[in-house]
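Hi,

Here's the structure I promised to pass along. Have a look at it first, and my notes on what turned up are underneath.

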Amino acid sequence: MLQVPFIRENKADVIARLAKRNIDAATLIEQVIALDEKRRRVQAQLDTVLAESNTLSKAIGGLFKSGQVEEANALKAKTTTLKEQSKTLGEALHEAGEDLKDLLYQIPNVPHALVPNGTTEADNEELFKAGEIPKLHEGALPHWELAKKYDIIDFELGNKIAGAGFPVYKGKGARLQRALIAYFLDTNTAAGYTEYQLPHLVNEASGIGTGQLPDKEGQMYHVTEDNLYLIPTAEVPGTNIFRDVILNESELPVGITGYTPCFRREAGSYGAHVRGLNRLHQFDKVEIIRVEHPSTSYAALDAMVNHVKSILEALKLPYRILRLCAGDTSFASALTYDFEIFSTAQDRWLEVSSISNFETFQANRLKLRFKNADGKNELAHTLNGSALALPRILAGILENYQTEDGIDIPEVLREYTGFNKIG
RNA sequence: GGAGAAAUGGCAGAGUGGUCGAAUGCGGCAGUCUUGAAAACUGUUGAGGGUCACACCUCCGGGGGUUCGAAUCCCUCUUUCUCCGCCA
C-alpha cells in the first residue's frame with residue numbers, strides 16, 4: 001500500500017510511474033487525495049467537538065464534587081448536542097477512512113526506474129545467461145515421461161487422492177525432493193539467513209499484510225469454517241512475523257529462510273506448458289526473506305540475485321535472469337528479477353525463482369518500522385525470493401541430467417540423496 | 001470438547017467511574033562521576049492523527065453499548081492461562 005503523504009507530494013510522478021503498468025491511475029489518485037483531505041477535515045471537526053466535550057465533562061465533575069448540582073445539570077444539558085455531533089462526525093471519519101483504505105488497496109506499487117516498459121512476459125528484459133545447455137541423447141524424454149519410466153512421481157495417484165496438480169513423489173523421487181530442500185536450506189543458512197518453520201495456514205490479517213488480500217483471494221485456498229488461508233508461499237507467514245513490529249535500526253538487516261509447501265488455487269490452463277511439474281496446486285519451495293533499511297534494500301536485492309545464481313551454478317543448470325517488465329511485475333513489487341532454467345527436453349525456459357523488492361509497500365500494510373537515527377519511526381523495506389522452488393528444478397534436473405541409462409544426480413546433491421543415479 | 005480465570009506501555013505490574021496516556025520496578029537512551037567500565041546519582045523514554053511549530057484529538061486485546069465522563073460497568077468476539085477429557 002502506498003503512503004498517502006507520498007502520493008500527495010508526488011502526484012504526477014506516481015501517476016506517470018503507474019502508467020508503466022498500463023493503468024490509468026489519475027482518477028484513483030485524485031480520489032485518494034480528495035478523500036484524504038476530507039478525512040483530515042472531518043478529523044479536525046471531530047477533535048474540536050471532543051475537546052469541547054472533554055472540557056465540559058471535567059467542569060461537570062468539578063461541580064458535582066463541590067456540590068453544585070444545579071450548575072452541573074445545566075452543563076449536562078449542553079453536552080447532548082455535542083454528543084450527537086461527535087457521533088455523526090465519528091461515523092463520517094470512519095467511513096472516510098474505510099473508503100480511503102479501499103482505494104489504496106486497489107493501487108499497485110510504483111515500479112522502480114529500472115523496470116522496463118511492457119505488458120507481457122515477452123517484454124521482460126534478459127540480463128544474464130549462463131551455463132551450458134546439454135546435448136541430450138536421441139529419444140530424450142520430458143520429465144513427466146521420465147517420472148513414469150523410473151517410477152518416481154505418480155501424477156495419477158495424486159489425481160485419485162486429491163486432484164490434478166497434487167503429485168505424489170515416491171522412492172528416489174521423494175528422496176530427491178527432500179535432498180533439494182535440505183540443500184537449499186543449508187545453502188541459505190550458510191549465507192546468513194536464519195531458518196524458520198512457519199505455519200502453513202494464515203489468518204486474514206496476514207493475507208492483507210503481504211498483499212494477497214483483499215481482491216486476490218481467488219488464488220488462495222480458503223478454509224471458510226475457520227477463516228484461514230493455505231499459504232501460496234512462505235512469504236506470507238514469513239513476512240508477517242514483522243507485522244506491527246518496530247525494530248531498532250541496529251537489528252537491521254534481518255534475513256530469514258524457510259521451507260514450506262505452497263498452495264495455489266489458480267486454475268491453470270491445459271496443455272503441454274502445464275504438464276507434469278510445470279504448474280501445480282501444491283508444490284514445495286524454500287524462500288528467503290529480508291527486512292532492510294531503505295538505503296540498503298537494492299544492494300540486498302542484488303545480493304539475493306547473486307545468491308540464487310550461485311545455487312543454480314552449483315547445480316549446473318543453464319539459467320538466465322530476467323528483469324520483469326512493468327506489466328509482468330506483481331502487484332506489490334517495485335522491481336522483480338526472475339530466474340529461469342532451460343529445460344532441454346521441453347526446449348523451453350522454466351521459472352524457478354522470483355526475487356522482489358517491495359520497498360515500503362508491504363511494510364506500510366504491515367506497520368513494519370524501525371527507529372531511525374533521528375529516533376523517528378520509519379517504514380522498513382521488505383524483500384523476498386525463492387531459493388528455490390522445487391518442482392521445476394526437479395524437472396530441470398530430470399531432463400538435463402538424463403542419459404540413456406538413467407538420471408545422474410548433480411554432484412552437490414549426492415551427499416543429501418545418498419545415491420548418484422536414478423534408474 | 002467441559003469448567004473457571006485473565007488480557008494495561010519493551011518486560012513485570014498497580015490502577016474497579018472523574019485532573020489517568022496511566023503509579024512503581026526492570027530494561028533502553030542521555031548526562032554526572034571514572035583513565036575506561038561497573039556501581040551510584042540525575043534526567044529522559046509508547047503509538048497514531050493534527051499543526052510551520054504549539055494547541056488539540058485518539059488508543060489500556062478487537063468491536064459495540066451505558067454515562068456529562070470508562071482502563072475501570074454491560075454485551076460480544078478473539079486470544080492466553082489453570083483444571084478435566086481426548087489425542088500425534
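The side chain of Asp47 puts an N or O atom 2.8 Å from a sugar or linking oxygen of RNA strand B; I count a polar contact as a pair of N or O atoms within 3.5 Å, and within protein one must be able to donate a hydrogen and the other to accept it, with residues adjacent in sequence counting only if both atoms are side-chain atoms. Asn54 has a side-chain N or O atom 3.1 Å from a phosphate oxygen of RNA strand B, and for Asn377 a polar side-chain atom lies 3.3 Å from a phosphate oxygen of the strand. Helix 3 (26–65), helix 4 (69–106) and strand 14 (369–371) are the elements giving two or more residues to the surface near RNA strand B. Helix 3 supplies the largest share, eleven residues. (Helices are DSSP runs of H or I with at least four residues, strands are runs of E with at least two, and both are numbered from the N terminus.)

Before going on, the ground rules: this is a predicted model, where local features need pLDDT of at least 70 and side-chain atom pairs count only at pLDDT 80 or more, while totals for chains, interfaces and linings use all residues. Residues are numbered from 1 along each chain as its sequence is written, chains are lettered from A and ligands numbered from 1 in the order in which they are written, and side-chain values use heavy atoms, leaving out hydrogens and water.

Back to the RNA: 17 residues surround strand B, with Arg39, Asp47, Ser57, Arg369 and Lys371 the closest (near means a heavy atom within 4 Å). Of the atoms of RNA strand B that come within 4 Å of the protein, 75% belong to sugar and phosphate.

As for the overall picture, chain A has 13 helices and 19 strands, and its C-alpha trace spans about 100 × 45 × 45 Å along the principal axes. Of its 423 residues, 49% are buried, meaning under 20% relative accessible area, with exposed over 50% and partly exposed in between (1.4 Å probe, protein chains only).

The largest nonpolar core has 59 residues, and Ile153, Leu180, Phe184, Leu312, Phe339 and Ile393 have the most contacts inside it. A core here is a set of buried Ala, Val, Leu, Ile, Met, Phe, Trp, Tyr and Cys residues joined through side-chain atoms within 4.5 Å. A second, separate core of 22 residues includes Ile7, Ala25, Ile33 and Tyr105.

Leu312 is also one of the buried residues of helix 10. That helix covers residues 297–314 and reaches 26 Å from its first C-alpha to its last, close to the 26 Å expected at 1.5 Å a residue (the expected span is 1.5 Å times one less than the number of residues). Just after helix 10, Lys316 takes a positive phi of about 55°.

Two serines to look at as well. Ser386 sits in strand 16 (residues 381–389) and is buried, at 8% relative accessible area. A polar atom of the Ser386 side chain lies 3.2 Å from the backbone nitrogen of Ser354. Ser356, in strand 13 (residues 348–359), counts as buried at 5%, and its side chain makes a polar contact with that of Thr336 (2.8 Å). The C-alpha atoms of Ser386 and Ser356 are 9.6 Å apart, with their positions 30 residues apart along the chain.

Cheers
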